[in-house]
Amino acid sequence: MAQIELLDVAHSYSDSPTKKSDFALKHIHDRWQDGGAYALLGPSGCGKTTLLNIISGLLTPSQGRVSYDGRDVTALPPEKRNIAQVFQFPVLYDTMSVYDNLAFPLRNRGTCESDVQRRVLEVADILDLSPLLKKRAAGLAADAKQKISLGRGLVRNDVAAILFDEPLTVIDPQLKWDLRRKLKEIHEQLKLTFIYVTHDQVEALTFADQVMVMYEGELFQTGTPQALFENPSHKFVGYFIGSPGMNFLPVTIDGNTAFINELSIKLDDKTADLGRNASGKLEIGIRPMYLEVHPVSVNGSVPATVRAVEDQGSFKIMTMNLSGHMIRAKIPEGNPAPQNNAWLRFPAQWTKLFADERLLN
Amino acid sequence: MEKWENNKAWFLVLPVFIIVAFSAIIPLMTVVNYSLQDIWGPGQQVFVGIEWFEEMLANERLQDALWRQFLFSGLVLLIEIPLGILIALAMPKRGWGVSASLVTLAVPLLIPWNVIGTIWIIFTRPDIGLFGVTINSLGIAFDHTARPLDAWITTMLMEVWHWTPLVVLLAYAGLRAIPEAYYQAARIDGASVWATFRYIQLPKMRGVLTIAVLLRWMDSFLIYAEPFALTGGGPGNATTFLSIYLVKIATGQFDLGPAAAFSLIYFLIILLFSFIFYQALLNVGKGDK
């Protein structure tokens with residue numbers, strides 16, 4: 001069991017990094033609690049895998065330290081850390097049986113054969129691999145292969161954390177659900193720390209208790225899926241989480257009112273206060289699902305022209321023009337979508353204010 | 001089943017058939033034709049059935065050459081394949097060293113084969129050759145033109161120098177094709193260098209090593225130009241390999257019938273062993289399930 005900490009970690013793949021852009025990881029200072037289920041979410045190339053490899057010891061960071069339970073492990077190779085990693089593509093020892101694959105990490109560490117057998121059978125049982133134990137690993141389906149990769153991590157009883165690097169990429173959609181549920185079950189059963197890298201927000205939000213959003217080598221926000229959705233700390237998080245992403249509109253503040261050109265939107269007192277004291281470019285942000293769409297003018301609403309309505313089955317996405325800015329709304333299937341002109345109301349508690357791309361709160 | 005009325009599609013196969021006919025079938029059938037006849041001169045021949053085959057199989061000099069050939073090819077595989085893998089494992093994986101070592105390795109492969117024989121004649125000459133002079137000055141008597149063992153050692157050295165680079169290139173290509181994640185997983189699983197080689201690198205190189213074994217087997221079994229230039233098959237018959245003996249019969253003594261029968265036996269041996277190696281390597285490590 002371990003609490004993992006990264007202390008002022010930065011990493012560059014170049015030998016003599018000079019510019020900020022030479023760094024794949026710019027500055028990471030964070031902590032992973034023992035037994036938590038974490039998701040590292042971010043677009044391709046944002047440094048997720050680099051971060052994961054630094055935690056597991058496959059990479060030594062250019063700067064900063066890694067510690068497990070307060071013990072500095074920065075210089076330790078991966079086999080000396082009590083950690084396991086599952087890769088994007090299943091890694092198997094082709095010439096071995098499933099049993100031997102699962103036994104491999106234990107045999108390498110000189111575990112006696114009776115313990116090996118006990119652990120392998122236990123893990124095979126947890127992963128539903130028991131019927132396959134005698135088969136050769138090479139001929140199995142992708143999901144079974146990925147389970148074996150995971151199993152090689154689980155057999156070691158010293159393992160405190162398992163790192164997943166987009167493990168479901170090669171799995172068929174239907175099996176993805178099963179395997180993800182299986183992962184959750186195992187997490188609840190074994191109470192290991194799981195760190196799960198993905199660029200798929202649905203996967204991250206359903207799997208993890210805590211989601212960490214990464215972008216261009218930095219951790220932007222860590223929080224529960226709900227916190228990320230309701231209070232994105234940065235414009236990027238607002239865009240990246242949710243489909244479609246958050247709407248952002250440049251505003252000026254006067255009193256308790258935000259102005260988009262000549263249109264006025266009422267803010268709550270606290271937000272307006274923050275806005276008046278903030279410097280930099282101000283924008284309001286609102287989730288498409290919280291934006292109210294009315295066919296006629298209601299109290300506090302502003303007019304917009306409808307550009308497109310997409311029916312997505314259980315809901316509709318409306319794309320509208322609000323005083324020269326594009327804005328999207330997500331409305332339930334039952335609500336009729338206005339044809340040409342719509343009136344939008346911004347509920348005060350869901351209307352957030354951002355200064356220089358950062359949330360004011 | 002109804003027959004197709006229009007069979008013109010067969011004409012599409014014709015070009016391939018003609019090419020294969022001229023490149024393989026006609027030459028082979030010419031040899032078969034010679035192997036069944038006794039020929040004294042143009043227009044003077046008599047059909048002898050399988051007499052030449054019986055004679056050749058009973059020929060002691062041919063049997064000696066055959067065992068010599070098996071020993072030679074066996075040694076070639078036993079030395080070149082492991083050595084090639086070792087060198088490939090030791091080669092740099094990135095940086096300027098990659099191109100430098102690849103070019104250096106490729107040099108022996110680019111030299112014409114009879115030039116290689118000539119290079120090694122000069123290299124091992126006891127009076128002026130770098131190798132010959134050096135080893136003689138160390139007090140070891142060495143002369144590949146007089147002593148059968150020295151002739152063998154020289155031939156093997158030449159062959160290993162000439163052809164191990166091919167095995168290295170193939171093995172290196174195989175190694176480079178292994179995704180990084182396998183090595184990462186092996187490190188996390190605590191695998192030793194030997195276990196990583198045995199369970200990741202070797203199985204992943206199976207394909208290229210199959211090609212390497214087949215190529216080295218066939219080529220070394222057919223070897224002619226280099227030993228012919230180096231030793232001419234001597235001293236005595238010490239390095240008279242199959243093809244050297246075959247050429248002696250066919251063009252030296254102009255015994256076309258026996259030489260043709262010999263060629264066919266030779267061909268069948270290579271085909272048989274290539275098949276055996278291929279099947280063995282294809283199925284190795286597949287286990288019982």
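# Working through a two-chain model

In chain A, four strands line up as an open, antiparallel sheet in the order β11-β15-β21-β22. Keep in mind as you go that this is a predicted model.

**Exercise 1. Work out which strands of this sheet in chain A stand at its edges, and why one side of each lacks a neighbour.**

Solution. Start from the strand order, β11-β15-β21-β22. The edge strands of chain A are β11 (247-250) and β22 (358-359); each has a single partner strand, so one side of each is left without a neighbour in the sheet. Now go to the middle of the order. There, β15 (residues 282-286) and β21 (residues 352-355) of chain A pair in the antiparallel sense, with four bridges. To find your place in this pairing, look for Glu283(A), which sits opposite Phe354(A) in β21(A).

**Exercise 2. Describe chain A as a whole: how many helices and strands are there, and what share of its residues is buried?**

Solution. Begin with the elements: chain A has nine helices and 22 strands. Next, the dimensions: along the principal axes, its C-alpha atoms fill a box of roughly 75 × 50 × 30 Å. Then burial: 52% of the 361 residues count as buried. Now turn to the contacts in chain A with a separation of 6 or more: 66% of them come from residues 24 or more positions apart. As for the surface, chain A exposes about 15,900 Å², and carbon and sulfur atoms supply 49% of that. Last come the charges: the mean positions of the 39 positive and 42 negative ones are 2 Å apart.

**Exercise 3. Is helix α1 (residues 48-56) of chain A enclosed or open?**

Solution. Count the buried residues. Eight of the nine in this helix are buried, so the rest of the structure largely encloses it. Among them are Lys48(A), Leu51(A), Leu52(A), Ile54(A) and Ile55(A). Now step just past the end of α1(A), where Gly57(A) takes a positive phi of about 95°.

**Exercise 4. Find out how many residues of chain A and chain B are in contact, and how much area the two chains bury between them.**

Solution. First the residues: 25 from chain A are in contact with 20 from chain B. Then the area: the two chains bury about 1,900 Å² between them, with 58% of it on carbon and sulfur atoms. Finally, look for the main contributors on the chain A side. Tyr93(A), Thr95(A) and Arg136(A) supply 27% of the area that chain A buries against chain B, more than any other three residues.

**Exercise 5. Take Phe241(B) and Phe17(B): is each one buried or exposed?**

Solution. Place Phe241(B) first: you'll find it in the loop between α11 (225-230) and α12 (242-252) of chain B. Its relative accessibility is 0%, so Phe241(B) counts as buried. Leaving aside residues up to four places away in sequence, Phe241(B) touches several residues, including Phe72(B), Trp152(B), Ile223(B) and Pro227(B). Phe241(B) is also 8.8 Å from Asp64(B), C-alpha to C-alpha, though 177 residues separate them in sequence.

Now for Phe17(B), which belongs to helix α1 (residues 14-35) of chain B. Its relative accessibility is 51%; because exposed means over 50%, Phe17(B) counts as exposed.

**Exercise 6. Trace the hairpin of β1(B) and β2(B): which glycine takes a positive phi?**

Solution. Strands β1 (residues 37-41) and β2 (residues 44-47) of chain B run antiparallel, joined by four bridges. One pair to look for is Asp38(B) with its bridge partner Val46(B) in β2(B). Two residues lie between the strands, and in this hairpin Gly43(B) takes a positive phi near 80°.

Conventions. Residues are numbered from 1 along each chain as its sequence is written. Chains are lettered from A and ligands numbered from 1 in the order in which they are written. This is a predicted model: local features need pLDDT of at least 70, side-chain atom pairs count only at pLDDT 80 or more; totals for chains, interfaces and linings use all residues. Side-chain values use heavy atoms; hydrogens and water are left out. Two strands pair if DSSP finds at least two bridges between them. Buried means under 20% relative accessible area, exposed over 50%, partly exposed in between (1.4 Å probe, protein chains only). Contact means heavy atoms within 4.5 Å. Accessible areas come from the Shrake-Rupley method with a 1.4 Å probe; for residues, only the protein chains shown count as cover. Lys and Arg count as positive and Asp and Glu as negative; His and the chain ends are not counted. The place of a charge is taken as NZ of Lys, CZ of Arg, CG of Asp or CD of Glu. Buried area is the accessible area (1.4 Å probe) that two parts lose on being put together, summed over both.
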